[in-house]
Amino acid sequence: MTRKRICILDGHPAQTSISRQMTETYATRARAAGHEVRTWHLHDMAFDPDYGFGGYKNQKPLEPQLEDFLETLEWSEHFVLACPMWWGGMPAKLKGLFDRCLLPGRSFDTRGSGLPKPLLTGRSAQVLLTSDSPWWYFRLLHRPLMWQVKRQIFGFVGFKPVRFTHFTQASHPAPGQVDKWLDRVGRIAARAA
């Protein structure tokens, strides 16, 4: 197995969550498999999530934590995001992180004709998504979230492939269910693919 540089983001804005447990499990198993891991927790990051006055020519300066996160993303070969689905989308602070960090000139190039050129190519991504929606309901009605994350965010800047693992009934899991999920996350981490 090839050793990888892995950036893991706990994309839940709360201090404790299933997403945090998943990131910690993934990090532990990936390190045990010989991968180099850097972990981030959205809760611990202080930044203004509003892109505000910024534009392609007038960019809002990044706070130091955002600059460090973007440097970690650029360093990585594999990106892991664990997050909940709220109201059919991602938490606002997580969306704000992507709005602020994935910038022209660093993540994509708008110069030239046609679509912008992705600048974070050569990286793969794994999304560990929790929700209350049953898997069949998610597949029928919540595919826009997968499309947004896979194509409009990660694919736009160059991540490929982007894999999803969906964990359902997360607000009220059955006894022992979270342990089963964490075991599955550990197996995914051991492969780091």
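Let me begin with Phe-69, which touches Cys-7, Leu-9, Trp-40, Met-45, Phe-79, Leu-97 and Cys-101, leaving out residues up to four places away in sequence. I should say at once that this is a predicted model, and that what follows is computed from it.

Phe-69 is also one of the residues that touch the most other members of the largest nonpolar core, a set of 35 residues. Phe-79, Leu-94, Leu-97, Phe-154 and Phe-159 complete that group. Which elements give two or more residues to this core? They are the strands β1 (5-10), β3 (78-84), β6 (123-131) and β7 (159-168), together with the helices α2, α3 and α5 (143-157). Among these, α5 gives the most, with 5 residues. There is also a second core, separate from this one, with 20 residues, including Trp-181, Val-185, Ile-188 and Ala-192.

I turn now to the pair of helices α2 and α3. Helix α2 covers residues 64-75 and helix α3 covers residues 92-101; their axes come within 10 Å and cross at roughly 80°. An angle of 65 to 115 degrees counts as roughly perpendicular, and α2 is therefore described as roughly perpendicular to α3. Which residues meet where α2 and α3 are in contact? From α2 there are Leu-66, Phe-69 and Leu-70, and from α3 there are Leu-97, Arg-100 and Cys-101. By class, this contact has 5 nonpolar residues, 1 charged residue and no polar ones.

Staying in helix α2, we come to Leu-73. Is Leu-73 buried or exposed? Its relative accessible area is 2%, so Leu-73 is buried. Apart from neighbours within four places in sequence, Leu-73 is in contact with Cys-7, Phe-79, Leu-102, Leu-120, Arg-123 and Phe-159. For one of these partners, Leu-102, I can add a distance: Leu-73 and Leu-102 are 29 residues apart along the chain, and their C-alpha atoms are separated by 9.8 Å.

Cys-7 has now appeared as a contact of Phe-69 and of Leu-73, which brings me to the cysteines. How many disulfides does a search of the whole structure find? The search returns 0. Cys-7 is in no disulfide, and the nearest cysteine sulfur, that of Cys-101, is 10.0 Å away. Cys-101 is likewise in no disulfide, its nearest cysteine sulfur being that of Cys-7. A disulfide requires the two sulfur atoms to be within 2.5 Å, so the 10.0 Å between Cys-7 and Cys-101 does not qualify. As for accessibility, Cys-7 counts as buried because its relative accessibility is 0%, and Cys-101 is buried with a relative accessible area of 0%.

Finally, I draw your attention to some backbone features. Most residues other than glycine have a negative phi, and most peptide bonds are trans. Against that background, a cis peptide bond joins Lys-160 and Pro-161, with omega about 0°. Pro-161 is found in strand β7. Trp-87 has a positive phi, near 50°, and is not a glycine. Where is Trp-87 placed? Trp-87 lies in the loop between β3 and α3, and it counts as exposed because its relative accessibility is 92%. Gln-169, again not a glycine, has a positive phi of about 60°. Gln-169 is in the loop between β7 and α6 (177-191); with a relative accessible area of 38%, Gln-169 is partly exposed.

Note on methods
Residues are numbered from 1 along each chain as its sequence is written. This is a predicted model: local features need pLDDT of at least 70, side-chain atom pairs count only at pLDDT 80 or more; totals for chains, interfaces and linings use all residues. Side-chain values use heavy atoms; hydrogens and water are left out. Axes are lines fitted to C-alpha atoms, for helices over the stretch in contact, and angles run from 0 to 180 degrees between N-to-C directions. Helices (H or I, at least four residues) and strands (E, at least two) are DSSP runs, numbered from the N terminus. Angles under 35 degrees count as roughly parallel, over 145 as roughly antiparallel, 65 to 115 as roughly perpendicular and the rest as oblique. Contact means heavy atoms within 4.5 Å. Ala, Val, Leu, Ile, Met, Phe, Trp, Tyr, Cys and Pro count as nonpolar, Asp, Glu, Lys and Arg as charged, and the others, Gly among them, as polar. Buried means under 20% relative accessible area, exposed over 50%, partly exposed in between (1.4 Å probe, protein chains only). A nonpolar core is a set of buried Ala, Val, Leu, Ile, Met, Phe, Trp, Tyr and Cys residues joined through side-chain atoms within 4.5 Å.
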